[in-house]
Amino acid sequence: MIQITNSKAFLTEILKALVKLTIAGFLIGFLKQYDLILAILLVLKIMHVIYKNIVKSTAKNWILLIGMILTGFGGILGEFWGVSNQYWEYHEVSRDLPLWLPFAWMLAFYFLYRIESGLIPHLKNKNIKNKLIIAFWLSLIIPAFGEIITINLGVWTYYWPYQIFGVPIYAFACLVFVHMLVYIILSSICKKWKINDIVFT
């Protein structure tokens with residue numbers, strides 16, 4: 001059982017994340033037909049993240065960058081697989097996969113990392129087991145919440161059955177698989193190279 005030292009601060013972090021995710025979801029929904037513009041906006045955000053956490057920072061957070069690259073790569077492979085097998089389809093774009101997609105996956109990792117970094121200080125016991133539990137529940141709920149917004153704004157449609165607000169059970173499983181796989185890889189890297197990270201060690 002996870003014990004939280006400051007429930008109010010813990011819930012505030014989650015609510016802040018949901019508000020930011022809602023804004024991002026609406027932005028993607030409203031700009032879905034302008035995939036190049038959306039891609040440029042997301043690339044600018046990635047550049048800002050890299051500048052803030054690596055270029056400008058004295059404590060270079062290379063794990064964050066590796067996680068973003070891994071998630072972007074794994075996510076886009078999954079997108080090719082899903083679209084080519086007609087499990088889902090993107091709308092109002094002239095190509096099978098929108099240009100912004102890999103950058104959205106990269107930022108999804110950053111977003112989850114930021115939430116976890118904000119929640120972990122409020123855990124009484126900050127061991128890897130509790131961090132893993134937090135990561136699991138966040139990767140199950142947070143990406144799906146964002147997908148519910150974008151799906152209902154007509155960005156894409158799933159054709160898998162057993163859906164909750166447009167998100168199928170299979171998609172929940174795929175989202176958890178991608179994010180938890182990246183989590184395990186990064187945790188292993190931190191352990192092997194003795195890297196101290198608030199989320200992965």
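In which hand does helix 1 pass helix 4 in their crossing? The crossing is right-handed. That is my starting point today. One caution before going on: this is a predicted model.

Let's stay with the helices. Two packed helices are described by the angle between their axes and the distance between the axes. For helix 1 and helix 4, the packing angle is about 165°. Their axes lie 9 Å apart. At that angle, helix 1 and helix 4 are therefore roughly antiparallel to each other. For orientation, helix 1 covers residues 7–30, and helix 4 covers 101–119.

Now the second pair. Helix 2 spans residues 35–55. The axes of helix 2 and helix 4 come within 10 Å. They cross at roughly 40°. That makes helix 2 oblique to helix 4. What is the hand of the crossing of helix 2 and helix 4? Left-handed. So helix 4 takes part in both crossings: a right-handed one with helix 1, and a left-handed one with helix 2.

On to charges. Side chains of opposite charge can pair when their charged atoms come close. How many salt bridges does the structure hold? Three. I'll take them in turn.

Start inside helix 1. Lysine 16 and glutamate 13 join their side chains in a salt bridge, 3.6 Å from N to O. Why are these two about one helical turn apart? Because they sit three residues apart in helix 1. Both ends have some solvent access. Lysine 16 is partly exposed, at 42% relative accessible area. Glutamate 13 is also in the partly exposed class, at 22%.

Next, glutamate 92 with lysine 32. Here the N to O distance is 3.8 Å. This pair links distant parts of the chain, 60 residues apart. Glutamate 92 is in the loop between strand 1 and helix 4. Lysine 32 is in the loop between helix 1 and helix 2. Buried or exposed, where does lysine 32 fall? Buried, with a relative accessible area of 11%. The cut-off for buried is under 20%. Its partner, glutamate 92, is partly exposed at 48%.

The remaining bridge joins aspartate 35 and arginine 95, at 2.5 Å, N to O. Aspartate 35 lies in helix 2, and arginine 95 in the loop between strand 1 and helix 4, so this pair too ties together parts 60 residues apart in sequence. Aspartate 35 is buried, with just 7% relative accessible area. Arginine 95 is partly exposed, at 34%.

Put those two bridges together. The loop between strand 1 and helix 4 supplies glutamate 92 and arginine 95. Keep that loop in view. We return to it now.

The surface comes next. There is a nonpolar patch of about 830 Å². Its members are Leu27, Tyr34, Leu36, Ile37, Ile40, Leu41, Leu44, Met47 and Leu99. Which helix gives the largest share of the patch? Helix 2, with six residues. Look at Leu99. Leucine 99 is found in the loop between strand 1 and helix 4. It is partly exposed, with a relative accessible area of 34%.

One more residue in helix 2: isoleucine 50. It is partly exposed, at 26%. Patch members need over 30% relative accessible area. In sequence, isoleucine 50 and threonine 201 are 151 residues apart. In space, the separation is 21 Å, C-alpha to C-alpha.

Last, the backbone. Most residues other than glycine have a negative phi, and most peptide bonds are trans. Two residues here deserve a look. Glutamine 86 is not a glycine, yet has a positive phi of about 60°. Where does glutamine 86 sit? In the loop between helix 3, residues 62–84, and strand 1. Glutamine 86 is exposed, at 62% relative accessible area.

Then tyrosine 162. It is not a glycine either, and its phi is positive, about 55°. It lies in the loop between strand 2, residues 156–158, and strand 3, residues 163–164. Tyrosine 162 counts as exposed, at 62% relative accessibility.

To wrap up. Helix 1 is roughly antiparallel to helix 4, and helix 2 is oblique to helix 4. There are three salt bridges. The nonpolar patch draws its largest share from helix 2. Thanks for listening.

How values were computed:
Residues are numbered from 1 along each chain as its sequence is written. This is a predicted model: local features need pLDDT of at least 70, side-chain atom pairs count only at pLDDT 80 or more; totals for chains, interfaces and linings use all residues. Side-chain values use heavy atoms; hydrogens and water are left out. A salt bridge is a side-chain nitrogen of Lys or Arg within 4 Å of a carboxyl oxygen of Asp or Glu. Helices (H or I, at least four residues) and strands (E, at least two) are DSSP runs, numbered from the N terminus. Buried means under 20% relative accessible area, exposed over 50%, partly exposed in between (1.4 Å probe, protein chains only). Patches are made of residues with over 30% relative accessible area and no salt bridge: like charges are joined within 9 Å, nonpolar side chains (Val, Leu, Ile, Met, Phe, Trp, Tyr) within 5 Å. Accessible areas come from the Shrake-Rupley method with a 1.4 Å probe; for residues, only the protein chains shown count as cover. Axes are lines fitted to C-alpha atoms, for helices over the stretch in contact, and angles run from 0 to 180 degrees between N-to-C directions. Angles under 35 degrees count as roughly parallel, over 145 as roughly antiparallel, 65 to 115 as roughly perpendicular and the rest as oblique. A crossing is left-handed if the near helix is turned anticlockwise from the far one by less than a right angle, and right-handed if clockwise.
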